[in-house]
Amino acid sequence: MRLWLISISLVLVSVHSGYAQTAAADTSGLAEFERELDADTVEKPYFEPTFKPTFGLGIGNFTFFGDVGNDYKGFHSLVSRIGYELKVNHSLTDYLDLGFYVIFGKLSANERDSVRNLNFESQIRTGGAILQYNFSHLLAIDHDVEPYIFAGFESFEFLSKTDLYDKFGNRYYYWSDGSIRNVDESSPNAENSILIQRDYTYESDLREQNLDGFGKYRERSWAIPVGVGVQFKIGKRMNFKVGTSMHFTFTDLVDNVTEESVGDRQGNAKNDRFLYSSFSLNYDLVGPDKSKKKEDPIIREEDDGDYYVMDLTDLDKDGVRDFKDNCLNTPEGVKVDVKGCPLDKDN
């Protein structure tokens with residue numbers, strides 16, 4: 001009797017263990033199938049790198065607007081000196097970029113009339129940050145031309161010099177007849193003067209000349225750049241930009257002429273400013289193409305014919321197609337009912 005009870009117990013334990021293993025296998029198979037199904041039918045969330053830099057190199061020209069040249073009245077505003085720029089942009093959104101840049105080059109202006117004859121050239125360096133708005137969310141997804149506007153804040157340094165002497169050391173004297181000579185027109189030796197020409201070599205430091213008693217003023221200031229431009233896409237990661245920006249400085253000493261200057265050197269109360277017009281090539285190192293629309297993490301619309309393939313799929317090969325198989329991943333060789341579950345004749 002005791003032996004019979006022990007046998008019954010062992011059989012029950014074996015049946016229970018087998019059922020548990022079968023249930024676990026079914027559960028594991030279902031989980032695996034769901035993972036495969038998710039991988040095949042659900043779009044992964046769009047991933048954006050934390051930092052997506054776009055590097056750019058550009059060349060352009062500076063135009064000075066200040067007291068010397070009287071804000072370029074009577075002159076073409078784009079006739080000036082060459083400048084160079086290096087910049088790094090990072091996309092905050094599809095339509096807003098944060099940019100950092102450095103620009104260096106030369107500013108200059110020459111004024112020649114019957115009242116005064118002034119000239120200067122300034123070696124400048126500027127660097128700062130801008131916010132750029134590119135209207136991208138208002139344009140078609142596959143647009144290749146993109147206008148933009150920007151504004152920012154920058155540090156500005158300058159070293160200004162003037163051309164007072166020719167290459168032989170003769171000082172320039174401007175006569176009323178429009179000529180340049182080596183002697184002042186009012187000098188007793190004026191009749192012995194000789195004609196000379198400017199060599200356009202800016203050799204004399206304006207601050208050290210101290211023509212108006214300004215002393216050793218700081219040759220640095222702050223400025224606010226405001227600009228517009230257009231970007232042309234020439235590849236998946238390459239674009240070409242053309243733009244112009246006005247830089248409003250916080251100083252009136254770039255040309256060494258202010259409203260406090262003496263005599264015919266006196267200027268106005270406006271701060272100096274300059275225009276920088278340029279074009280640049282920009283390369284996106286790691287960022288995705290902005291023209292590619294982000295896909296929401298939802299089930300994709302499958303191509304025609306995929307549903308037919310899914311209807312015929314039988315992963316566990318038990319003869320019951322997966323779309324109506326209630327017991328997925330049935331072990332091979334096990335007989336199943338019409339629902340795909342193992343037969344249980346003794347219930």
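Which residue forms a salt bridge with D177? In this predicted model, the partner of D177 is R181, and the closest N and O atoms of the pair are 4.0 Å apart. The two residues fall into opposite accessibility classes: D177 counts as exposed, at 52% relative accessibility, whereas R181 is buried, with a relative accessible area of 17%.

Allow me to place this pair in context. Side chains of opposite charge can pair when their charged atoms come close. A search of the whole structure finds 8 salt bridges, and I shall discuss some of them.

I turn next to R81 and E121. These residues form a salt bridge in which the closest N and O atoms are 2.3 Å apart. R81 belongs to strand β2, residues 81-91, and E121 to strand β4, residues 117-133, so their contact ties together parts of the chain that are 40 residues apart in sequence. As for accessibility, R81 is partly exposed at 25%, while E121 is buried at 14%. The pair does not stand alone, for R81, K106 and E121 are linked in a network of salt bridges.

Strand β4 also contributes R125, which pairs with E157 of strand β5, residues 145-162. The closest N and O atoms in this salt bridge are 3.2 Å apart. Here too distant parts of the chain are linked, the two residues being 32 apart. E157 is partly exposed, with a relative accessible area of 27%, and R125 is likewise classed as partly exposed, at 47%.

To conclude, strand β4 supplies E121 for the contact with R81 in strand β2, and R125 for the contact with E157 in strand β5.

Key. Residues are numbered from 1 along each chain as its sequence is written. This is a predicted model: local features need pLDDT of at least 70, side-chain atom pairs count only at pLDDT 80 or more; totals for chains, interfaces and linings use all residues. Side-chain values use heavy atoms; hydrogens and water are left out. A salt bridge is a side-chain nitrogen of Lys or Arg within 4 Å of a carboxyl oxygen of Asp or Glu. Helices (H or I, at least four residues) and strands (E, at least two) are DSSP runs, numbered from the N terminus. Buried means under 20% relative accessible area, exposed over 50%, partly exposed in between (1.4 Å probe, protein chains only).
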